[in-house]
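Q: I have a structure open and want to learn how to read its features. Where should we start?

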Amino acid sequence: MMGIIDEREEALEKEYIVKLERSFHIQARRDRMLARWAAELIGRTDFDVYFDEVISAGLLESCDENVFRKILSDLQYADVAISAQTVREKMKQLLLEAARSLDEAG
């Protein structure tokens, strides 16, 4: 009996890890697309440097919220007329695109 329970527990752990990895990859793709979108709007040509800045913001505690604040702050600093809601909507849209592209790639 314990063997079956142990096997089931191990299978659930593996499934959980796969879901976490997928979520991480989707979020990373979304952040890359979001950074590219924002970089174009603010006129940054050093995309790789800017992407690293966005990723660094996301590595702090609340990933999505820190990425959101970083992007919105950069857009506002560059005097790009855009609302917080527009940035949040763009994040949602790009999250869906990232998930689709990951599904298509693998």
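A: Start with the pocket lining. This is a predicted model. In the largest pocket, helix H1 supplies the largest share of the lining, four residues.

Q: Which elements give two or more residues to the lining of the largest pocket?
A: Two helices do: H1, spanning 2-42, and H2, spanning 47-59.

Q: Which residues line the largest pocket?
A: Read them along the chain. They are Phe24, Gln27, Ala28, Asp31, Ile55, Gly58, Leu59 and Cys63.

Q: How many of the lining residues are nonpolar, polar or charged?
A: Sort them by class. Five are nonpolar, two are polar and one is charged.

Q: How much space lies in the largest pocket?
A: The volume is about 170 Å³.

Q: Now the surface. Which residues make a nonpolar patch?
A: Tyr16, Ile17 and Leu20 make one of about 320 Å². Leu20 sits in helix H1.

Q: Why can Leu20 count towards a surface patch?
A: A patch residue needs over 30% relative accessible area. Leu20 has 44%, so it passes that cut-off and is partly exposed.

Q: Let us turn to the backbone. What sign does phi usually have?
A: Most residues other than glycine have a negative phi.

Q: What is phi for Asp79?
A: Phi of Asp79 is near 60°, a positive value in a residue that is not glycine.

Q: Where is Asp79, and is Asp79 buried or exposed?
A: Asp79 lies in the loop between helix H3 (63-77) and helix H4 (84-105). Its relative accessible area is 70%, so Asp79 is exposed.

Key:
Residues numbered from 1 in each chain as written. Predicted model: local features only at pLDDT ≥ 70, side-chain atom pairs only at ≥ 80, totals over all residues. Heavy atoms only, no water. 1 Å grid on protein atoms, 1.4 Å probe; cavity = no way out; pocket = protein on both sides within 12 Å on 5 of 7 lines; lining within 4 Å. Points joined across faces, edges and corners; volume = space filled by probe spheres on them. Nonpolar A, V, L, I, M, F, W, Y, C, P; charged D, E, K, R; others polar. Patch = residues over 30% accessible without salt bridge, like charges linked within 9 Å, V, L, I, M, F, W, Y side chains within 5 Å. Areas by Shrake-Rupley, 256 points an atom, 1.4 Å probe, with all protein chains shown as cover. Salt bridge = Lys/Arg side-chain N within 4 Å of Asp/Glu carboxyl O. Buried < 20%, exposed > 50% of the residue type's maximum accessible area, 1.4 Å probe, protein only.
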